[in-house]
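Biologist: I would like a close look at one part of this protein, the metal site and what surrounds it. Please take it step by step and keep it plain.

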Amino acid sequence: MTEVPDAVARLARDARRVTVLTGAGMSAESGVPTFRDAQTGLWARFDPEQLATETAFRRDPALVFGWYAARLAGVRAVAPNAGHLALAEWGRRAEVRIATQNVDDLHERAGSDVLAHLHGSLAAFRCLDCGRPFGGTIPAPDAAGRAEPPQCASCGGPIRPGVVWFGEALPERALSDAVAACTDADLVLVVGTSGLVHPAAGLPAVARRAGVPVVEINPDRTPLSASADHAWRTTAAIGLPALVARLG
Ligand code: ZN
C-alpha cells in the first residue's frame with residue numbers, strides 16, 4: 001500500500017466536512033476514455049468542438065446524439081474504481097461533498113451522493129426546446145454511429161444530452177453549491193484534474209481564500225500544485241483507499 005504523507009493523513013482524520021473536486025483523472029483508472037480519446041473510430045474525423053455544441057446538434061442531430069449515446073454506453077460498460085469506492089466509504093464516516101467535472105455517474109454507482117455535476121451528466125437527457133427532463137430509452141447508435149434523438153413528450157422538441165456544451169455556461173446551481181462547499185469545509189481535496197478548465201479551476205483558490213487547506217491528489221504536476229498546501233503525487237485509485245485506511 002502506498003505511503004500517505006503524515007500531514008495529509010492528519011488533515012483527513014481531523015476533517016468533519018470534506019469537499020472533493022474530481023476530474024478526468026478520477027475516472028481514468030476505470031477506463032473511461034477522456035473527451036479527446038472518445039474521438040475515435042466513427043467520430044475520429046470530427047473535432048470535439050464540432051460535436052459538442054448546440055450548433056452541431058442542430059445541424060446534424062443524429063450525428064451528435066449518436067456520439068453521446070455511444071459515450072453513455074461506454075461509461076455503462078465500466079465500473080467505479082477503488083478511488084470512487086474509497087470516497088463512498090469516507091462518506092459514511094464524515095460529511096463528504098463531491099463536485100465533479102466528470103459527466104459519468106461512477107461516483108453515484110460507487111454509493112456517493114454527488115453535490116454538483118459541474119459539466120452536466122451523460123445520463124441526464126432533456127428537451128432542447130423546453131428543458132423538460134427525458135426519462136425514456138436512449139436509442140443505440142446504428143452501424144454508422146448515428147442515432148436520431150427521441151422527441152420530447154411535452155413539446156415535440158429534440159432530446160439533447162444533459163452535458164455542458166462549448167459556449168454554454170456551467171449550471172448555476174452546481175457552481176454555487178461547489179463554491180459554498182469549498183468555503184464551508186475543513187479540507188478540500190482536488191483529485192485528478194489539471195485545474196485548467198474555468199470556472200471550476202477557480203474553486204481551489206476559493207477554498208484557500210477561506211482558509212481551508214487544499215490537498216492535491218494527482219500523479220502529475222499541475223498548475224495547482226504550487227499553491228496547494230500539499231501536492232501528493234499519486235492516483236485516485238491508489239491514494240484514496242490508502243488515505244481512507246488511515247482514518248482509523
Ligand atoms: Zn420539450
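Modeller: By the sulfur-to-sulfur distance rule, the count of disulfides comes to zero. This is a predicted model, and a disulfide would need two cysteine sulfur atoms within 2.5 Å.

Cysteine sulfurs do appear at the zinc ion. Its protein donors are the SG atoms of Cys127, Cys130, Cys152 and Cys155, lying 2.3 to 2.4 Å from the metal. The angles that these four donor atoms subtend around the zinc ion run from 100 to 117 degrees, and the arrangement is therefore tetrahedral. The limits for that label are 85 and 135 degrees, and all angles have to lie between them. Along the sequence, the donor residues follow the spacing C-x2-C-x21-C-x2-C. Cysteine 127 and cysteine 155 link distant parts of the chain, 28 residues apart: cysteine 127 belongs to strand E4 (residues 120-127), while cysteine 155 lies in the loop between strand E5 (133-134) and strand E6 (159-163).

The donors can also be described by their exposure. Cysteine 127 has 1% relative accessibility and so counts as buried, the cut-off for that being under 20%. Cysteine 130, at 40% relative accessibility, counts as partly exposed. Cysteine 155 is also classed as partly exposed, because its relative accessibility is 42%.

Next comes the sheet that carries cysteine 127. Three strands form an open sheet in the order E5-E4-E6, with antiparallel pairing. E5 and E6 stand at the edges with a single partner strand each, so one side of each has no neighbour in the sheet. Strands of a sheet pair through backbone hydrogen bonds, in either a parallel or an antiparallel sense. Between E4 and E6 there are five bridges, in the antiparallel sense. Two positions on these strands are useful for orientation. Cysteine 127, the zinc donor in E4, stands opposite isoleucine 159 in E6. Arginine 126 has arginine 160 of E6 as its bridge partner. Although E6 is an edge strand, five of its five residues are buried.

Strand E4 also holds alanine 123. Alanine 123 counts as partly exposed because its relative accessibility is 37%. From the C-alpha atom of alanine 123 to that of aspartate 184 the separation is 29 Å, and the two residues are 61 apart along the chain.

Arginine 160 leads from the sheet to a group of aromatic rings. Besides being the bridge partner of arginine 126, arginine 160 has its charged end over the ring of tryptophan 165, 3.8 Å from the ring centre. A pair of aromatic rings is described by the distance of the centres and the angle of the planes. The structure holds four aromatic pairs. One of them joins phenylalanine 57 and tryptophan 165, with 5.5 Å between the centres and 40 degrees between the planes, a tilted pair. These two residues come from distant parts of the chain, 108 residues apart: phenylalanine 57 is in helix H4 (residues 54-59), and tryptophan 165 is in the loop between E6 and helix H8 (172-183). Phenylalanine 57 is buried because its relative accessible area is 1%, and tryptophan 165 is buried at a relative accessible area of 1%. In another pair, the ring centres of tryptophan 67 and tyrosine 68 are 4.9 Å apart and their planes lie at 65 degrees, so this pair is edge-to-face. Both tryptophan 67 and tyrosine 68 are buried. Ring pairs link Phe57, Trp67, Tyr68 and Trp165 into a cluster. A second arginine meets this cluster: the charged end of arginine 71 sits over the ring of tryptophan 67, 4.8 Å from its centre.

For contrast, other strands in the model pair in the parallel sense. Strand E1 (residues 17-22) runs parallel to E2, and six bridges join them; valine 18 stands opposite valine 96 in E2. E2 also pairs with strand E3 (residues 114-117), again in the parallel sense, over three bridges, and isoleucine 98 has valine 114 of E3 as its bridge partner. Strand E2 (residues 95-100) is largely enclosed by the rest of the structure, because five of its six residues are buried.

Notes: Residues numbered from 1 in each chain as written. Predicted model: local features only at pLDDT ≥ 70, side-chain atom pairs only at ≥ 80, totals over all residues. Heavy atoms only, no water. Donors = N, O, S within 2.8 Å, 3.2 Å for Na, K, Ca; no water. Tetrahedral: all angles 85-135°; square planar, octahedral: opposite > 155°, others 65-115°. Helix = DSSP H or I, 4+ residues; strand = E, 2+ residues; numbered from the N terminus. Buried < 20%, exposed > 50% of the residue type's maximum accessible area, 1.4 Å probe, protein only. Phe/Tyr/Trp six-rings, centres within 6.5 Å; stacked < 30°, edge-to-face > 60°. Lys NZ or Arg CZ within 6 Å of the ring centre and 35° of its normal. Pairing = 2+ DSSP bridges.
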